[in-house]
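Please open the structure in your viewer and keep the selection tool at hand. The stops below are meant to be taken in order, with a selection to make at each of them.

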Amino acid sequence: MAVAAQHSALAEHIHPEPQGFIRRYVFSIDHKIIGIQYMVTGLIFFVIAGMLAELIRTQLMNSNAKFLTPDQYNGVYSMHGTAMVWMVTIPIVTGGFGNIIMPLMIGARDVAFPWLNMASFWLFPPAGILLFASFLVGAPEAGWTEYPPVSLQGPPGTTLWCLAIILIGISSTMTGLNFMVTIIKMRAPGMTYTRMPLFVWAQLATAAINMLATVALSAALSALFIERVFGVPFYDPNKGGSPILWQHMFWFYSHPAVYIFILPAFGIISEVLPTFARKPIYGYKMIAFSSVAIALLGFMVWAHHMFTSGMAPWLQLPFMILTMLIAIPTGVKIWSWMATLWGGVIHYSTAMLFAMGFLITFTMGGLTGIMLGAVPADLHEHGTYFVVAHFHYVVFGGTFMGVLAGIYYWWPKVTNRLLNETIGHWQFWLTMIFGNLTFFPMHILGLEGMPRRVAVYVPEYTDLNRLISFSSYGLSIAFLLMFINMAWSFKYGKKAGPNPWGARTLEWMISSPPPYYNFKRIPAILSGPYDFGSPLPYIGLDSELERTQSHTTIPAGAH
Amino acid sequence: MAHDKPEAQTGQYSNLGPYFWTFTAFLAVFTIIAIVWFVQQDLGTWLPEAAVPADEIDALFKFMGVFVILIFNIVAGYTIYFAIAFRRKKDMPPDAIGVQTHGNAKLEFWWTALPTVLIIILAIYSVQIWRGLQEAQGDVLTMEAIGHQFAFQFRYPRLGQPVANDMHVPVGTPVTLHVTSVDVIHSFWVPEVRLKADMVPGLIQTLRFTPTKVGTYRIICTEYCGRNHGDMVATLHIDNQQDFGRWFAGQAQAQHLASVAPLDLNKGQAQAGQALFGQKCSACHSVGPFDQKIVGPGLGKLLSDTAHPKLVDGTDPTPANIAKILQNGFQGPLGVMPNAQANAISNLDIANLDAYLVSLSGQK
């Protein structure tokens, strides 16, 4: 058989694992090590950015607080947003989860360009350090969006901000290219596009956005950098520049960037739900197709961030309607996930709880997105805490719930140890309660008239702000539990084995943690990955594992 | 579609789950109550509607709110229901599996088509309201709002000088407001009018509204514009016609008197200057030493600072030279100080401010 011939040819191609600490763990070209590096670095930055959030909330405890000076406050919220977007979320969902899981899922031994992958990662820590170093010279103060002209007047750290984001942008672009080539060219034989796990579909759509959109941001940032350092007037209207130009370029990237955050989370949810409901994903093709539809539409809606900014009024209409259209593929996903729960045998693992919680909190963020998309309503809501509530429901209630589900789901694959489910359940419930108590009241504050990015507010808003602040401390405790759980797992966690969840995608068919070259023989794929109760659709897996797998996951007489 | 065989393993309940219709009835009642409650809310009690498009924008918000409640309740309700109804039971074998179905073309068609219809309805309704916002009314008050770091100014027809911080409009007269900025991007927002437009330097945007409710409302800057962005607030006074006429005539007269008064520094009063400093200067200047900068330097020791013996324009610190800077404005490294005209300060104001600044140095 042709497949068999291909196997033996591939089998001869295994390189030995590099020896020595530096080549193995520091400048590694192994996608799994690089993925772990991304996760660890991203989580360190997450802790820093999360502490910045608590500084913001502490300042807002009182209507006229003097906890931070106006300069410090502006710096803190700008760095919170910037770090959470570029140093935490994007690296974790693409560089982290994408690197560790995606090649395993498609039956590849590594990504297409391992050295490029290493280069991508090694741009990330310097970018983060450069960004946080701006605190030493005066952190940027104009928010994560850094609209000129005010960002042209900003403190010296704004220039470092430009450089840091350009660096991480180059890293994202390279990762996007790398993942696209990997997914298109390196799937195991028999893995057609419609047999790919949905996480891989999500990574494919994300990689395309990463590769195509990030360059727009890099161009905008380069211009801002040049204007700040050399005075070439791209954006300063007093010298003939256009401040709106920045906004168009910025949002041409930053709206698709929202889908860079959320699509991988969609992918994670699409893996966790079938595994713990013991059911095929409902409407596989519609979920896969809607990821692509979202990615495409995502490029055509950027100006909905600019309804109040100044553009030809008629131009608001196409952007409004296209924005509303995104609700349709997103809705299809939500219905499909709910239908996946229906008729399942649902295991209440922590990963599953986060996945089901995601359905509720993300829907909230999606619906307020439609409310913001309608131009007349946006004229009231824009620039207020309503917007802050909306995007925190999307990024926290969506992406981060997905990330937490992913961490609990794949932790045993990476470490070969189980996390503590009791701590996990506590973390889930604290996250749901305090997450909603933190972000829901922000809707009301915004509608009642509280603008974003202010260190002081009128005293009527004090009660809600205090509720939000106290809840945000509770949310920190929930995250603390996760880190405690990780430490617990290293010390006391039970050995997980190759497939603790009885999942069916390829990464669970090899040992935990996976060997250096993942698959001794590249398996061939016979059908899609979600048919519980059927024999595994893989041939040519490492034989011993294949035997144990088929005994543990295929119920007797279920076929 | 669903195979029959795994059904035996998933349990003895029906396809939809135990008590499905009971739950659905409960959820429907709950959702209807929530929607009725929401529709009956007068949003004006949460935040007054002080001008004409506010009621239409609230109506649109309410319309969307109904669908948000409906869809959210469906998603959250059935997610929780399925999670409970289809939980793994203790007596199930460890290898129990769910219903092995991959989808249902009919169902998937409807759950794509129905939201599409909703979106189309919402889009049509939004476009209708949007068109109302663009239409110019008949007999209107056309005026301008100008953003500064960190204050608002308002220009009226037949009033030579702009008015700072207080915007007066007569109730019932449609207002066409052009907004722009002299330095960075600001935003003009009156929550009670439900309208907002960014004030962009080099660009003029237009807001149209008809005030309907007499009162005072906050004008809030909603685009980060620098260190004191949070303090950038002005007041919108919706006056009845007589009050507006009185105010307008008073402004016109005051401006006339101020414009014909020659600059006489001896007439300055430090106390009046102090009040004015709070309105016009304190957003950018402290009354501390030179290095206590906000945007511009601290002005507490203008005449007696040995470390900075000259004024920023290089001249000696005399009252006359201070007055000159107040009159002409100054371009500093961090921002622009507007000149007397842009800052809407009269010759008398300059004399008062001058007297105040000199008195500060004298105390030290």
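What follows is a walk through two chains, stop by stop.

**Chain A as a whole**

Before selecting anything, bear in mind that this is a predicted model. Select chain A and show it as a cartoon, where the secondary structure comes to 18 helices and two strands. Along the principal axes, the C-alpha atoms of chain A fill a box of roughly 70 × 50 × 45 Å. How does the radius of gyration of chain A agree with that of a compact globule? For 559 residues a compact globule would have a radius of gyration near 24 Å, and chain A has 24 Å, so the two agree. If you colour the chain by burial, 62% of its 559 residues count as buried. Contacts can be drawn as well: among those in chain A between residues at least 6 apart in sequence, 82% join residues at least 24 apart.

**Helix α9 of chain A**

Next select residues 243–277 of chain A, which make up helix α9. Its 35 residues should span 51 Å at 1.5 Å a residue, and because its end C-alpha atoms are 51 Å apart, the expectation agrees with the model. Follow the helix to A:W251, where α9(A) bends by about 30°. Is α9(A) mostly covered or mostly open? It is mostly covered, since 33 of its 35 residues are buried. Just after the end of α9(A), select A:R278, which takes a positive phi of about 55°.

**Helix α17 of chain A**

Move on to residues 462–492 of chain A, helix α17, whose 31 residues should span 45 Å at 1.5 Å a residue; its end C-alpha atoms are 44 Å apart, which agrees. Within α17(A), show the side chains of the buried residues A:N465, A:I468, A:S471, A:S472, A:L475, A:L481 and A:N485. In looking at them, it helps to recall that an α-helix has 3.6 residues a turn, so residues three or four places apart point the same way. What covers the buried residues of α17(A)? Add α3 (31–59) and α16 (421–448) of chain A to the selection, as the cover includes both of these helices.

**The open sheet of chain B**

Now turn to chain B, where five strands form an open sheet in the order β3-β2-β1-β5-β8, with mixed pairing. Its edge strands are β3 (163–164) and β8 (205–209) of chain B, each of which pairs on one side only. At one edge, select β2 (residues 151–155) of chain B together with β3(B): these two pair in the antiparallel sense over two bridges, and B:F154 stands opposite B:V163 in β3(B). At the other edge, select β5 (residues 175–181) of chain B, which five bridges join to β8(B) in an antiparallel arrangement; here B:V179 stands opposite B:Q205 in β8(B). Although β8(B) is an edge strand, four of its five residues are buried.

**The domains of chain B**

Finally, colour chain B by its domain assignment, which gives domain 1 (7–134), domain 2 (141–259) and domain 3 (261–363). The C-alpha centres of domain 2 and domain 3 of chain B lie 25 Å apart, and 19 residues of domain 2 are in contact with 15 residues of domain 3. On the side of domain 2 of chain B that touches domain 3, β2, β3 and α6 (241–260) of chain B each supply at least two residues. The largest share of that side, three residues, comes from α6(B).

Note on methods
Residues are numbered from 1 along each chain as its sequence is written. Chains are lettered from A and ligands numbered from 1 in the order in which they are written. This is a predicted model: local features need pLDDT of at least 70, side-chain atom pairs count only at pLDDT 80 or more; totals for chains, interfaces and linings use all residues. The expected span of a helix is 1.5 Å times one less than its number of residues. A residue is buried if 20 or more other C-beta atoms lie within 10 Å of its own, exposed if 12 or fewer, and partly exposed in between; C-beta atoms are placed from the backbone. Two residues are in contact if their C-beta atoms, placed from the backbone, lie within 7 Å. The bend at a residue is the angle between axes fitted to the seven residues ending there and the seven starting there. The radius of gyration is taken over C-alpha atoms; the globule rule is 2.2 Å times the number of residues to the power 0.38. Two strands pair if DSSP finds at least two bridges between them. Domain bounds come from an automatic or database domain assignment.
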